[in-house]
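Colleague: Could you take a close look at one part of this model for me, the stretch where one helix gives way to what follows? I would be glad to have the surroundings explained as well.

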Amino acid sequence: MRSDELQIEWLLEHLKRHQAGKHARNTVKEGLLASRAVIDSLIDLLEEPSRTPYARKIDIS
């Protein structure tokens, strides 16, 4: 086997052992929740233009 083939096999085994799929799903979930929070903030801003915008903490869980 070539060196790059061995590295790919090692990487695939490493990902399987460390539950890469679970981490990837969590990353996507956090990204979607953050996107939803941004969209909600924009909707709030558009619905109440007289209100002064402010920063707020977004809880991602």
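**Around the end of helix H1**

Modeller: Happy to! Right after H1, Gln-19 adopts a positive phi of about 50°. Please keep in mind that this is a predicted model, and that the phi of Gln-19 is computed from it.

Let us step back from Gln-19 into the helix before it. H1 covers residues 3-17, and Ile-8 is one of its residues. Does the length of H1 fit its residue count, or not? With 15 residues at 1.5 Å a residue, H1 should span 21 Å, and because its end C-alpha atoms lie 21 Å apart, the two values agree.

Now to the surface of this part. Ile-8 has a relative accessibility of 51%, so it counts as exposed, the cut-off for that class being over 50%. Ile-8 also joins Trp-10, Leu-11, Leu-12 and Leu-15 in a nonpolar surface patch of about 510 Å².

On the other side of Gln-19 in the numbering, helix H2 takes in residues 20-47, with Lys-29 among them. Glu-30 belongs to H2 too. Are these two residues buried, exposed or in between? Lys-29 has a relative accessible area of 45%, so it is partly exposed. Glu-30, at 48%, is likewise partly exposed.

Both residues can also be related to Ile-60. From Lys-29 to Ile-60 there are 31 residues along the chain, while their C-alpha atoms are separated by 9.2 Å. For Glu-30 and Ile-60 the separation in sequence is 30 residues, and the C-alpha to C-alpha distance is 6.6 Å.

Finally, here is the setting for all this. The protein chain contains 2 helices and 0 strands. Of its 61 residues, 2% are buried. The chain exposes about 5800 Å², and carbon and sulfur atoms supply 60% of that area. So, to return to your question, the part you asked about holds Gln-19 with its positive phi just after H1, and the nonpolar patch that includes Ile-8 and Leu-15 is a surface feature to view alongside it.

Conventions: Residues are numbered from 1 along each chain as its sequence is written. This is a predicted model: local features need pLDDT of at least 70, side-chain atom pairs count only at pLDDT 80 or more; totals for chains, interfaces and linings use all residues. Side-chain values use heavy atoms; hydrogens and water are left out. Patches are made of residues with over 30% relative accessible area and no salt bridge: like charges are joined within 9 Å, nonpolar side chains (Val, Leu, Ile, Met, Phe, Trp, Tyr) within 5 Å. Accessible areas come from the Shrake-Rupley method with a 1.4 Å probe; for residues, only the protein chains shown count as cover. A salt bridge is a side-chain nitrogen of Lys or Arg within 4 Å of a carboxyl oxygen of Asp or Glu. Helices (H or I, at least four residues) and strands (E, at least two) are DSSP runs, numbered from the N terminus. Buried means under 20% relative accessible area, exposed over 50%, partly exposed in between (1.4 Å probe, protein chains only). The expected span of a helix is 1.5 Å times one less than its number of residues.
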